[in-house]
Amino acid sequence: MAAAAPTIKGVQPLRAGVGHSFFWRRLHSLSGIVPIGAFLIEHIVSNYEAVNGPLAYAQQVKFLNSLPLVRVLEWAFIFIPLAFHALYGVFIAIRGRVNVDVYPWAGNWGYITQRVTGIIALFYIGYHVWTQRFSGVNLPEHPGAAFAKVQHELANPWILAIYVIAMLATTWHFAYGIWLFAAKWGITPGDKARQRFGYVCAAGGTALCILGLVGMYAFINPKYANAPADIMPAQPAGIVLPAH
């Protein structure tokens, strides 16, 4: 009679996922970098144009909305990937287990903060997209009203506080997401490589956050307190304004 196989004590090695779970998790990770991460950088950089005044910001909004097939690009590379990343992220968060009270390691804290900041970003993005894109003045048709629309919203100190918190949460989520992406995809093998890349991600995320906060301040800067409701109102037919 063959001897019974020895019992192996301890925790079995964790698996990255198999089958469909592996595919969807990798797609979720990739979508957080491209196109969502790329759009986040572009959006913050574009909003930074507000420091140059209402007209410069309006011209930036007008330029972005004049791109070829802009609505197709908007849905294909922003709204649909964002919806997938957000919904699957919520699915992962619900299935995950929080154990920082038992194992207060850096990795566990990173896990919980990534989930919390993701939830904050989800609610903020939903609110921001609705208020700035689908309600009130239609900015694609009236880009000259973009500065005043954001300015009016941030005049509410509660909304301003939400925007600041959301900026901190979103840039953290993105920076740590890049670090996780590099680790999962084998770009940074080894503890030293991951530690060094962690410094790069922290510096990049901090710079992006500062850029976003400075751009946000432009809308509440007293210098632009008397900005017109529409810096580029529609002109009657036949009238051509001189170029500046």
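This is a guided tour of a predicted model, moving from the whole chain to single residues.

**Before selecting anything**

Residues are numbered from 1 along each chain as its sequence is written, and side-chain values use heavy atoms, with hydrogens and water left out. Because the model is predicted, local features need pLDDT of at least 70 and side-chain atom pairs count only at pLDDT 80 or more, whereas totals for chains, interfaces and linings use all residues.

**The whole chain**

Start by colouring the protein chain by pLDDT, the predictor's confidence in each residue, from 0 to 100; the mean is 86, and 82% of the residues reach 70 or more. Residues 5-17 stay under 50, and the model gives them 3 contacts beyond four places in sequence, a contact being heavy atoms within 4.5 Å. Residues 235-244 are also below 50, with 1 contact beyond near neighbours in sequence. Where pLDDT is low, the predicted coordinates should not be read in detail.

Switch next to a cartoon view, in which the protein chain shows 8 helices and 0 strands; these elements are DSSP runs numbered from the N terminus, with helices being H or I of at least four residues and strands E of at least two. Among contacts with a separation of 6 or more, 73% are between residues 24 or more positions apart.

A surface view would expose about 15,900 Å², of which carbon and sulfur atoms supply 70%; accessible areas come from the Shrake-Rupley method with a 1.4 Å probe, and for residues only the protein chains shown count as cover. Of the 244 residues, 34% are buried, where buried means under 20% relative accessible area, exposed over 50%, and partly exposed in between (1.4 Å probe, protein chains only).

**Helix α7 and its ends**

Select residues 157-184, which form α7: its 28 residues reach 40 Å from the first C-alpha to the last, close to the 40 Å expected at 1.5 Å a residue, the expected span being 1.5 Å times one less than the number of residues. At the N-terminal end, Asn-156 acts as a cap, with a side-chain oxygen 2.9 Å from the backbone nitrogen of Trp-158. After the helix comes Gly-186, whose phi is positive, near 75°.

Within α7, pick out Met-167, which counts as buried because its relative accessibility is 13%. Leaving out residues up to four places away in sequence, Met-167 touches Ile-44, Cys-209, Gly-212, Leu-213 and Met-216. The C-alpha of Ile-120, 47 residues from Met-167 along the chain, is separated from that of Met-167 by 9.7 Å.

**The largest nonpolar core**

Now show side chains for Ala-50, Tyr-57, Phe-147, Leu-154, Tyr-163 and Phe-219, the residues that touch the most other members of the 26-residue largest nonpolar core. Such a core is a set of buried Ala, Val, Leu, Ile, Met, Phe, Trp, Tyr and Cys residues joined through side-chain atoms within 4.5 Å. Helices α2 (36-47), α3 (54-65), α6 (146-154), α7 and α8 (191-218) each supply at least two residues of the core, and the largest share, 6 residues, comes from α7. Centre the view on Ala-50, whose contacts, not counting residues up to four places away in sequence, are Tyr-57, Phe-147, Gly-215, Ala-218, Phe-219 and Tyr-224.

**Around α2**

Select Ser-46 in α2, which is buried because its relative accessibility is 8%; apart from neighbours within four places in sequence, Ser-46 is in contact with Tyr-57, Gln-60 and Leu-64. Tyr-48 sits in the loop between α2 and α3 and counts as partly exposed because its relative accessibility is 33%. Tyr-48 and Val-214 are 166 residues apart in sequence, yet their C-alpha atoms are 7.0 Å apart.

**Backbone details and a polar contact**

Most residues other than glycine have a negative phi, and most peptide bonds are trans. Against that background, inspect the bond joining Val-34 and Pro-35, which is cis with omega about 10°; Pro-35 is in the loop between α1 (19-33) and α2. Leu-69, in the loop between α3 and α4 (70-95), has a positive phi near 55° and is exposed, with a relative accessible area of 64%.

Finish at Arg-133 in α5 (residues 106-134), whose side chain is joined to that of Glu-74 by a polar contact of 3.1 Å. A polar contact is a pair of N or O atoms within 3.5 Å; within protein, one must be able to donate a hydrogen and the other to accept it, and residues adjacent in sequence count only if both atoms are side-chain atoms.
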